Amino acid sequence: MEYDNEASTEVQTVSSDVPSDVPSDVPSDVPSDVPRTPNTELRKLLSFKLYKRRWFVLLVLCLLNCSNATIWLTFAPVADQSAQFLKVSLEKINWLSLVYMVVAIPFSLGTTWMLDSVGLRSTLILGAWLNMFGALLRFFGTPAGGGYEIKYHFAMMGQTLGAFAQPFIIFTPTKLAALWFPDHQRATANMIASMSNPLGILLANIISPMVVKTSAQIPNLLLAYAIPACFICFLATVGIRSSSPPTPPSASAESSSSEPFIQGIKLLLKNKAYLILLVCFGSGIAVFTCFSTLLEQILCVQGYTNDFAGICGALFIVFGIVGAAALGLYVDKTKNFIEATKINMSFTALACIAFSVVSLIPNQKAAVAAVCSLFGFFGFSIYPVSMELSVECSYPVGEATSAGLIFVSGQVQSVLYIVILQLLTTRLTEAPLSTCGDAILSWKVPMLVMAGLCSFFTCCFLIFFHTHYRRLEAEEQATYGNKQRDVWTTNHVEHAPSVET
């Protein structure tokens with residue numbers, strides 16, 4: 001492995017300091033079935049190593065996730081100018097974003113197999129190259145003087161390559177956290193990598209309107225997104241040398257033996273706790289997709305401007321990142337995955353109900369902004385924790401498989417929810433405050449339905465979801481030889497040292 005020479009010169013192991021016998025202060029009341037000498041796995045635990053390079057790998061994933069998100073939503077914030085430049089309808093411009101959702105659903109299973117079977121490095125590098133080629137194809141394929149049909153087709157092909165890259169990137173955080181980070185940093189690493197995607201969405205909503213004032217400036221925008229994609233591809237290709245460090249950071253990484261892909265799928269379909277999480281959290285993803293997609297259309301009916309809707313969307317993301325950071329750090333210290341998820345899902349349901357009410361009332365900017373902030377704060381923070389929880393309740397199924405299927409569930413339910421909510425709208429004959437243009441729709445019934453769906457699946461999760469932390473228990477088993485933690489092990493090796501290089 002590429003790190004072997006590096007490890008031999010830079011890493012000082014501590015296994016040589018492990019005593020051959022348990023110290024004399026072992027209590028006499030230790031159960032007889034608990035080994036009185038450290039077992040082989042315990043010796044390995046005491047020589048686990050952390051590599052500083054793990055932060056570089058995490059940085060590359062964050063940059064790649066952020067870049068892919070900006071490519072995804074390049075045209076949405078400047079839809080009118082994009083339609084003028086490409087000489088197509090707004091509906092076709094919307095498909096430049098929707099292609100991500102269409103591609104992700106069928107392509108996701110192959111991606112989860114590749115992550116768990118081929119490895120993290122190959123998957124990330126392939127995602128980086130697809131992301132770069134998509135960005136370059138959009139730029140070089142849409143010259144200012146080209147025919148509109150050719151320009152749109154090249155733009156769509158570039159978006160499609162970016163859509164193919166998305167599963168390679170967005171499924172990776174749980175795998176990276178498991179392979180490179182110790183148990184007390186996994187949730188934080190997952191949170192950082194996962195929240196780089198909404199950060200990219202936020203940047204796209206800021207950068208695109210700033211760069212594009214007229215339709216002629218669209219090529220400049222495409223270049224602005226292509227340059228970072230090329231740089232990130234270079235970092236991934238040159239900088240990521242292996243899928244995992246030469247010495248594992250934790251017991252679960254050391255003894256990682258993910259089930260074969262097909263067998264893993266079968267185990268997941270028989271896992272009651274995982275299926276509940278799959279449906280309930282997938283519904284949560286769908287509600288957030290609906291909120292992000294329909295926010296402007298919902299608010300404009302009551303006279304709120306597009307600028308205000310943009311501010312609400314930004315507050316939704318910013319407070320979501322703050323909430324995710326706080327919850328990730330808390331869960332890393334306490335390991336209270338279930339409690340944290342259930343509490344935050346409850347507050348998210350309340351925020352969804354509040355939004356369904358205040359969004360239908362005019363002249364309530366402060367209330368709408370506050371509810372959007374709370375919706376993001378509690379809702380976004382669930383995502384990385386739930387992905388970690390999916391691994392804990394499905395171990396030893398591969399991390400990419402368990403997290404990837406939840407993402408697919410969210411995408412499928414997102415399509416269904418958006419279709420259902422749009423079908424439930426009714427056209428209004430009078431709306432004196434409306435800033436929507438010609439098509440004025442009533443969102444009263446759709447908002448109540450969305451709040452009802454969110455509340456229903458939250459209640460199902462609160463009542464029916466119960467599980468053991470299988471990965472943590474496996475680490476404990478590998479460390480102590482059995483599932484009992486006695487006084488001596490608690491005092492001496494509960495936080496076994498890792499050597500950082």
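In the predicted model, helices H5 and H18 run roughly antiparallel to each other, a description that follows because their packing angle is about 175° and angles over 145 degrees count as roughly antiparallel. Helix H5 spans residues 90–117 and helix H18 spans residues 399–423, and the axes of the two helices lie 9 Å apart. On the side of H5, the contact is made by Met101, Ala104, Ile105, Ser108, Leu109, Thr112, Leu115 and Asp116, while H18 contributes Glu399, Ala400, Thr401, Gly404, Leu405, Phe407, Val408, Gln411, Val412, Ser414 and Val415. Sorted by class, the residues in this contact between H5 and H18 comprise 11 nonpolar, 6 polar and 2 charged ones.

This helix pair belongs to a protein chain with 21 helices and 4 strands. Of the 501 residues in the protein chain, 54% are buried. Among the contacts in the protein chain with a separation of 6 or more, 83% join residues that are 24 or more positions apart. The confidence of the prediction, expressed as pLDDT, averages 81 over the protein chain, and 82% of the residues score at least 70. Residues 1–38, however, have a pLDDT below 50, although this stretch has 64 contacts in the model beyond near neighbours in sequence. A pLDDT under 50 is also found over residues 482–497, for which the model has 38 contacts beyond four places in sequence.

Aromatic side chains offer a further view of the packing. The structure holds 22 aromatic pairs, one of which is formed by Phe139 and Phe140, whose ring centres are 5.0 Å apart and whose planes meet at 70°, so that the pair is edge-to-face. The two partners fall into separate accessibility classes, since Phe139 has a relative accessible area of 22% and is therefore partly exposed, whereas Phe140, at 60% relative accessibility, counts as exposed. Another edge-to-face pair is that of Phe337 and Tyr469, with 5.4 Å from centre to centre and 80° between the planes. This pair links distant parts of the chain, as Phe337 lies in helix H15 (residues 337–358) and Tyr469 in the loop between helix H19 (444–464) and helix H20 (470–480), 132 residues apart. Phe337 is buried, with a relative accessible area of 3%, and Tyr469 counts as buried as well, at 17% relative accessibility. In addition, ring pairs connect Phe288, Phe291, Phe316, Phe355, Phe375 and Phe380 into a cluster.

Contacts between residues separated in sequence can also be followed at individual positions. Phe154, a residue of helix H7 (residues 148–170), is partly exposed, with a relative accessible area of 29%. When residues up to four places away in sequence are not counted, Phe154 touches Leu137, Arg138 and Gly141. The C-alpha atoms of Phe154 and Gly141 are separated by 5.1 Å, although these two residues are 13 residues apart along the chain. Gln185, by comparison, is placed in the loop between helix H8 (172–180) and helix H9 (186–211), and this loop residue counts as buried at 18% relative accessibility. Leaving aside neighbours within four places in sequence, Gln185 is in contact with Arg54, Trp55 and Asp332.

Several loop residues are notable for their backbone geometry. Most residues other than glycine have a negative phi, and most peptide bonds are trans. The peptide bond from Tyr395 to Pro396, by contrast, is cis, with omega near 15°, and Pro396 is located in the loop between helix H17 (382–394) and H18. A positive phi, near 65°, is found at Lys335, a residue other than glycine. Lys335 lies in the loop between helix H14 (306–334) and H15 and counts as buried, at 18% relative accessibility. Asn363 likewise has a positive phi, near 60°, and is found in the loop between H15 and helix H16 (365–380). With 67% relative accessibility, Asn363 counts as exposed, whereas Lys335 counts as buried.

Note on methods:
Residues numbered from 1 in each chain as written. Heavy atoms only, no water. Axes fitted to C-alpha atoms, helices over the stretch in contact; angles between N-to-C directions. Parallel < 35°, antiparallel > 145°, perpendicular 65-115°, else oblique. Contact = heavy atoms within 4.5 Å. Nonpolar A, V, L, I, M, F, W, Y, C, P; charged D, E, K, R; others polar. pLDDT = per-residue confidence, 0-100. Phe/Tyr/Trp six-rings, centres within 6.5 Å; stacked < 30°, edge-to-face > 60°. Buried < 20%, exposed > 50% of the residue type's maximum accessible area, 1.4 Å probe, protein only.
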